[in-house]
Amino acid sequence: MLIPGVNDSHLIKVTEAVKAAGACSHNIMPLILSPGSVYEKEGRKEPAPSLTLQVQARSEAVMPVMRHCRQCRADAVGLIGEDLGVKTGNAPAREYDPAAREELLIRLDRTTAEHKRREANEGEQGERGSMRIAVATRGGGQVNVHFGHAREFLVYEVSGQEQKLLGVRRIQAYCNGKAECGEADKEAILDETVALLQDCSIVLCATIGPGPAERLARAGLTALAREGEIGKLLEQCAKYHRFFSSISCSPPSACPSAAQQR
């Protein structure tokens with residue numbers, strides 16, 4: 001559990017300790033405040049997405065990090081031992097002996113080192129070519145949720161042909177959660193959602209109304225209304241982004257509303 005001001009600088013030590021104990025991967029979940037909890041009374045805040053990604057990146061240099069867990073294995077991506085969020089090509093077996101586990105860790109370390117070398121060779125050009133895309137989904141590997149009904153977004157880093165799941169960001173759907181049902185409350189929820197997705201370039205959802213699409217556009221985010229397989233749509237989004245960037249329509253949200261181009 002990542003708790004800002006409590007353990008954000010210490011979690012790397014936890015990662016090193018659990019790897020030394022024989023773990024093959026781990027999960028770093030951001031604090032989710034519960035009303036009336038000790039942390040809420042102390043004035044603690046949930047970590048910003050940028051802090052969560054920084055802490056996960058530091059720990060990932062030591063051992064693979066699961067970025068998709070939703071607190072319950074039944075609601076996660078893949079099966080235990082078949083973690084679809086760690087695309088190393090070396091998925092661990094379901095039962096381990098110490099020797100096999102150590103061999104696996106060595107292979108994972110080599111894969112991670114090679115990946116870092118490849119990223120370093122790509123240099124700044126690779127950085128400019130990458131983008132983050134927020135996906136509204138209720139599961140099944142599909143984009144299948146209306147923007148206003150989404151309770152969470154999967155955030156992906158897309159660079160060339162590579163697609164990496166960075167994590168899950170939970171939000172309030174309209175007329176649900178902390179706020180009461182009213183236009184002012186809906187605007188407050190929309191503002192919170194925009195702030196949570198501010199580091200993304202595209203928001204991918206099944207459908208979206210003109211009001212929210214315009215609000216996203218003002219914040220520099222492009223809303224794309226599509227339904228289908230997440231992987232294929234991420235690839236299409238990246239092509240869309242590169243196309244509009246090439247015709248000097250930057251950011252893409254300055255172009256005609258993508259939400260109308262279904």
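Phenylalanine 153 is buried, with a relative accessible area of 0%, where buried means under 20% relative accessible area, exposed over 50% and partly exposed in between, with a 1.4 Å probe and protein chains only. The model is a predicted one, in which local features need pLDDT of at least 70 and side-chain atom pairs count only at pLDDT 80 or more, while totals for chains, interfaces and linings use all residues. Residues are numbered from 1 along each chain as its sequence is written, and side-chain values use heavy atoms, with hydrogens and water left out.

Phenylalanine 147 is likewise buried, at a relative accessible area of 4%. The structure holds one aromatic pair, in which phenylalanine 147 and phenylalanine 153 are tilted, 5.9 Å centre to centre with 50° between the planes; rings of Phe, Tyr and Trp (its six-membered ring) pair if their centres lie within 6.5 Å, and planes under 30 degrees apart count as stacked, over 60 as edge-to-face and the rest as tilted.

The largest nonpolar core (buried Ala, Val, Leu, Ile, Met, Phe, Trp, Tyr and Cys residues joined through side-chain atoms within 4.5 Å) has 22 residues, of which Ala134, Phe147, Phe153, Val203, Ile208 and Leu216 touch the most other members. Among the elements that give two or more residues to this core are strand E5 (130-136) and helix H5 (183-196), helices (H or I, at least four residues) and strands (E, at least two) being DSSP runs numbered from the N terminus. Apart from this core lies another, of 18 residues, including Val143 and Leu224.

Alanine 48, in the loop between helix H2 (38-41) and helix H3 (49-60), is partly exposed, with a relative accessible area of 39%.
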